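Trainee: I would like to go through this model slowly and ask what lies behind each label. Could you set each value beside its definition when you answer?

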Amino acid sequence: MKPIILRTTAVAVVMAGASVAQADDLTLCWAAWDPANALVELSKDFEAKSGHSMSFEFVPWPNFADRMLNELNSGGKLCDLLIGDSQWIGGGAENGHYVKLNDFFDAEGISMDDFAPATVYAYSTWPKGTPNYYALPAMGDANGWFYRKDWFERDDIKAAFKAETGRDLGEPKTQREMLEIAQFFQGREIDGETRYGAAIFTERGSEGITMGVTGALYPWGFKYENTPGSYDMEGAVNSAEAVEALEFYKEFYETATPPGYSDSYMEQGLDAFKSGQVAMAMNWFAFFPGLYADPNTGGDKIDFFVNPPQNQAGSTLGGQGISVVAYSDKQEAALEYIKWFAQPDIQATWWELGGYSAHNSVLNDPGFVDSAPFAGDFLEAMESVQDFWQEPAYAELLLAMQKRVHDYVVADRGTAKEALDKLIEDWTEVFEDEGKL
């Protein structure tokens with residue numbers, strides 16, 4: 001009950017001060033997942049200190065983009081604050097959905113130099129890399145991997161792997177090593193049950209297979225453009241390395257995943273791992289605290305690793321920035337929340353509760369790497385992240401990639417080269433419609 005007492009006191013103070021604005025009820029919109037629950041707990045401190053009260057609109061991931069982008073495009077007033085996906089930043093800025101925060105940051109002494117550069121670039125800036133900020137980095141994230149450490153350490157399994165491959169079983173150092181491990185576990189009987197290699201992303205309806213495929217494309221050296229900002233995609237999107245990576249992902253799907261996982265994303269992958277179906281799984285770092293805490297497959301039964309390199313290091317960027325919605329009638333109070341959230345001590349608590357701070361004071365703390373079994377992997381991943389197009393036409397670009405790669409990987413239509421050639425055609429049409437080609 002303590003937070004309620006504090007909140008009541010704060011409201012009384014606010015209401016008593018003639019020069020202080022009236023307390024507001026702010027609504028923060030985000031996806032429905034574990035970090036959102038942590039943010040509710042964290043925000044009790046803001047309520048107590050500010051006198052404002054917080055409401056939350058959390059939408060399941062499969063519906064999150066449609067729900068929130070429709071809200072923004074209609075000028076809706078549901079959200080005062082929005083933790084929107086990194087890919088939305090271009091549309092949020094160019095379409096006037098987000099409040100530009102430069103003057104506010106300057107007035108309040110909030111420096112983007114205090115946040116990890118990759119997160120500032122991806123979550124906050126538009127045009128990319130310019131000092132024009134439309135969000136504060138809120139939730140660092142990347143696609144990583146976790147595995148059944150207890151299986152990897154069993155003498156019988158280690159001996160069998162050594163006999164089959166000639167090398168020791170351990171965390172993979174390359175993408176191809178990872179596939180070899182997954183194929184080793186595929187169909188293997190462990191403790192009287194048939195197990196499978198890995199749960200990967202194959203979902204077509206929202207963004208799943210794109211987020212999974214790029215986990216292979218980026219380590220192979222995939223680029224969206226030959227020259228950044230030029231939209232010259234021929235020879236980049238369909239390069240020999242990109243073709244090889246897409247073929248690799250299809251082989252992974254066909255030879256090392258559970259049966260029936262043709263439309264799998266976050267929840268399906270988590271279920272496959274927690275139920276003991278798979279030896280490994282890809283998913284967002286955001287889920288790793290909950291995985292480690294799981295009573296059945298967490299603790300000393302689980303461990304984590306960064307998406308392995310192939311030709312180079314590369315991880316698919318997740319995560320979001322927090323923006324003030326331009327249509328809100330409570331922008332002043334929403335900016336108070338941004339100011340509160342940016343404080344180093346709040347950022348430290350955010351990490352402790354299960355959120356992924358992007359603040360350098362947290363990430364560079366000498367004790368950070370040892371603060372969680374996945375903390376060091378998270379730092380490593382964030383050094384080599386790449387994101388999808390952040391263009392205002394992001395939704396059309398994403399739908400095209402979802403179709404082309406799902407048709408090839410899951411539906412077994414055509415070749416990898418044909419899929420990527422068609423994707424360039426799709427994207428070219430979108431950018432022509434946007435007047436950028």
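**Values and definitions**

Mentor: Between the centres of domain 1 and domain 2, taken over C-alpha atoms, there are 30 Å. The model is predicted, with local features needing pLDDT of at least 70 and side-chain atom pairs counting only at pLDDT 80 or more, while totals for chains, interfaces and linings use all residues. Residues are numbered from 1 along each chain as its sequence is written, and side-chain values use heavy atoms, with hydrogens and water left out.

Trainee: Which residues make up domain 1 and domain 2?

Mentor: Domain 1 takes in 2-141 + 319-386, and domain 2 takes in 143-316; such bounds come from an automatic or database domain assignment.

Trainee: How many residues of domain 1 and of domain 2 are in contact?

Mentor: Contact means heavy atoms within 4.5 Å, and by that rule 20 residues of domain 1 are in contact with 23 residues of domain 2.

Trainee: What makes strand 2 and strand 4 special in the order 2-1-3-12-4?

Mentor: That order belongs to an open sheet of five strands with mixed pairing, where strands, like helices, are DSSP runs numbered from the N terminus (E, at least two residues, for strands; H or I, at least four, for helices). Two strands pair if DSSP finds at least two bridges between them, and strand 2 (53-59) and strand 4 (136-139) each pair on one side only, which makes them the edge strands. The twist from one strand to the next averages 30 degrees.

Trainee: How many bridges join strand 1 to strand 3?

Mentor: Two bridges join strand 1 (residues 25-31) to strand 3 (residues 81-85), and pairing needs at least two, so these strands count as a pair. They run parallel, and C29 stands opposite L82 in strand 3. Helix 2 (residues 34-50) packs on this sheet, where it touches strand 1, strand 2, strand 3 and strand 4, and its direction makes about 170 degrees with that of strand 2.

Trainee: Which strands are at the edges of the sheet with the order 8-9-5-10?

Mentor: This open sheet has four strands and mixed pairing, and its edge strands are strand 8 (196-199) and strand 10 (302-305), each of which pairs on one side only. Four bridges join strand 5 (residues 143-148) to strand 10, and these two run antiparallel, with R148 opposite I302 in strand 10. Neighbouring strands here are turned by 20 degrees against each other on average, direction ignored.

Trainee: Are helix 18 and helix 19 roughly parallel or roughly antiparallel to each other, and how do you know?

Mentor: The axes of helix 18 (residues 394-409) and helix 19 (residues 416-433) come within 9 Å and cross at roughly 165 degrees, where axes are lines fitted to C-alpha atoms, for helices over the stretch in contact, and angles run from 0 to 180 degrees between N-to-C directions. Angles under 35 degrees count as roughly parallel, over 145 as roughly antiparallel, 65 to 115 as roughly perpendicular and the rest as oblique; helix 18 and helix 19 are therefore roughly antiparallel.

Trainee: Is the crossing of helix 18 and helix 19 left-handed or right-handed?

Mentor: Helix 18 passes helix 19 in a right-handed crossing, a term for the near helix being turned clockwise from the far one by less than a right angle, with anticlockwise giving left-handed. Among the residues making the contact are L397 and M401 of helix 18 and L423 and W427 of helix 19. The contact holds ten nonpolar, no polar and four charged residues, with Ala, Val, Leu, Ile, Met, Phe, Trp, Tyr, Cys and Pro counted as nonpolar, Asp, Glu, Lys and Arg as charged, and the others, Gly among them, as polar.

Trainee: What do the same rules say about helix 9 and helix 11?

Mentor: Helix 9 (residues 175-185) and helix 11 pack at an angle of about 15 degrees with their axes 10 Å apart, and they are therefore roughly parallel. Helix 9 passes helix 11 in a left-handed crossing.

Trainee: What is unusual about the peptide bond from W126 to P127, and about the phi of Y231?

Mentor: Most residues other than glycine have a negative phi, and most peptide bonds are trans. The bond from W126 to P127 is cis, with omega near -10 degrees, and P127 is in the loop between helix 6 (117-123) and strand 4. Y231 has a positive phi of about 60 degrees although it is not a glycine, and Y231 is found in the loop between helix 10 (208-220) and helix 11 (240-256).
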